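Thanks for sharing this one with me. I have put my reading into a few numbered points, moving from the whole chain down to single residues.

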Amino acid sequence: MKDETKCLHAGYTPGNGEPRVLPIVQSTTYVYDSAAEVAAIFDDPTKGLCYSRFANPTVMAVEEKINQLEGGVGAMCTSSGQAATLLSILNICQAGDSIVSVPQIYGGTINLFSYTLKKLGIECIYVDADSSDEEIKAAFKPNTKLVFGETIANPALRVFDIERFANIAHSMNVPLIVDNTFATPILCKPFEFGADIVIHSTSKYMDGHAVQVGGVIVDSGKFDWTNGKFPELVEPDESYHGISYTKQYGKMAYIIKARMQLMRDFGVYPAAHSAFLLNLGLETLAVRMQQYCENATTVAKFLEASPAVESVLYPGLESNKDYPLVQKYLDGKASGVISFIIKGGRPAAAKFMDSLKLASNEVHVADIRTCVLHPASETHRQLTDEQLVAAGIDGGMVRFSVGLENIDDILADLEAALKAACN
């Protein structure tokens, strides 16, 4: 994508005598000269820093870097990707509301939508990504507040038709929230195709080294929150002295409300040191994404030709139904994660995983090291058989996250493990 190199150095620009690397501001609080100054900040935290549950200079630099990468008006980091998902929804939903989502999403997100949000009085209505526009619109209710999808679904690896769902969402006067974790803004910028809010689990490709958990919410600033469906952004917020977010903050209403209201109450803000580590990952993101895609394409073609493999789910293959969407949204690159189904179902998949030497069996993905897991018995084990089918997960499915090791070593490891699984 154009301008990514410039964006990767945004957020902190050292001047004369300043450190070259991003400073770690390891402080919970900030000192002022008068009570009036502190009072003004508590009235409006955008006026300055008061406490690191709201904002921290190190984290803010990383927030701005990610914001510029995605092309938004503001971003807010969180302590995990799950926290980012939760806050992105609670920022505009309350008990009695509903949301629409495709089921081809991360298993933890399905749990959040189907159970935890339900306990909070928020209903999730699932519509298959392949449904017609009319079928999708039929799922909307008067209380529906948003549409949700993942750019590249984890682990089903379906590519989300962002522009189509954005048009549907906007025709129903609600925003589209897109989880862009697997694509990253290097491969896809959802705002360019009509998305309104973007979230990430920064623990994945953005970090890239499996050293810290985190998330982020990015606001496009393009959605009209004054259309009558979102009074909480328009009407006075009594918890902040009657501030109207749309009147006072304009295009930044959504992200400011998320920080002033939800971060204040939930306190899921990352530590400065976590942001420092995330920044190191961001500085190599563009280079790493290129190599992930190259390695994954080679691995996917190898698996497609293997007699031990029943099917390969990688949208970068021309045989994949979502290949045209990869060309449209991802510039022809489908990231570094492959899902494939081994012949022999669960037993064969387990034997395959136990036979790997280079790849690590771990509950993680999008690392510089190749890692593998069995979704049906690990990350998605809480789902019913029906939910597994809806999420596109077979008992023999293996999620293979291709790392940055030498491609010949990765292929040799795969070949040996597949032979063992067939015996």
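Here are my notes, starting with the overall picture.

1. A word on the source before anything else: this is a predicted model, so please read every value below as computed from that model.

2. On the fold as a whole, the protein has 17 helices and 12 strands. Its radius of gyration is 22 Å, close to the 22 Å that the globule rule gives for 423 residues, so the protein is as compact as a globular protein of that length. Along the principal axes, the C-alpha atoms fill a box of roughly 75 × 60 × 35 Å.

3. How much of the chain is tucked away? Of the 423 residues, 57% are buried. If you look at contacts with a separation of 6 or more, 73% of them come from residues 24 or more positions apart.

4. The surface and the charges can be taken together. About 17,000 Å² of the protein is exposed, and carbon and sulfur atoms supply 53% of that area. There are 35 positive and 50 negative charges, and their mean positions are 1 Å apart.

5. Helix α4 deserves a look on your screen. Nine of the 10 residues in this helix (residues 81-90) are buried, so α4 is largely enclosed by the rest of the structure. The buried residues are G81, A83, A84, T85, L86, L87, S88, I89 and L90.

6. My next stop is K145, a residue of strand β4 (residues 144-150). Is this lysine buried or exposed? Its relative accessible area is 7%, and because the cut-off for buried is under 20%, K145 counts as buried.

7. What does the side chain of K145 reach? One partner is the side chain of D97, with which it makes a polar contact at 3.1 Å. Another is the backbone oxygen of K229, which the K145 side chain reaches at 3.5 Å.

8. The wider surroundings of K145 are worth displaying too. Leaving out residues up to four places away in sequence, K145 touches I92, C93, D97, S98, V174, P175, K229, F230 and E232. For a sense of scale, K145 and Y205 are 60 residues apart in sequence, and their C-alpha atoms are 29 Å apart in space.

9. N279 is another polar residue to check. It lies in helix α12 (residues 272-282) and is buried, with a relative accessible area of 6%. Not counting residues up to four places away in sequence, N279 touches L22, V62 and K65.

10. Two loop residues caught my eye for their backbone angles. Phi of N173 is near 65°, a positive value in a residue other than glycine. N173 sits in the loop between α7 (162-171) and β5 (176-179), and at 41% relative accessibility it counts as partly exposed.

11. The second of these is A210, which has a positive phi of about 55° although it is not a glycine. You will find A210 in the loop between β6 (197-201) and β7 (215-219). Its relative accessible area is 40%, and A210 is partly exposed.

12. If you have time for one view, I would suggest centring on K145, with the side chain of D97 and the backbone oxygen of K229 shown alongside. For a second view, try helix α4, with its nine buried residues out of 10.

Definitions and conventions
Residues are numbered from 1 along each chain as its sequence is written. This is a predicted model: local features need pLDDT of at least 70, side-chain atom pairs count only at pLDDT 80 or more; totals for chains, interfaces and linings use all residues. Side-chain values use heavy atoms; hydrogens and water are left out. Helices (H or I, at least four residues) and strands (E, at least two) are DSSP runs, numbered from the N terminus. Buried means under 20% relative accessible area, exposed over 50%, partly exposed in between (1.4 Å probe, protein chains only). A polar contact is a pair of N or O atoms within 3.5 Å; within protein, one must be able to donate a hydrogen and the other to accept it, and residues adjacent in sequence count only if both atoms are side-chain atoms. Contact means heavy atoms within 4.5 Å. The radius of gyration is taken over C-alpha atoms; the globule rule is 2.2 Å times the number of residues to the power 0.38. Accessible areas come from the Shrake-Rupley method with a 1.4 Å probe; for residues, only the protein chains shown count as cover. Lys and Arg count as positive and Asp and Glu as negative; His and the chain ends are not counted. The place of a charge is taken as NZ of Lys, CZ of Arg, CG of Asp or CD of Glu.
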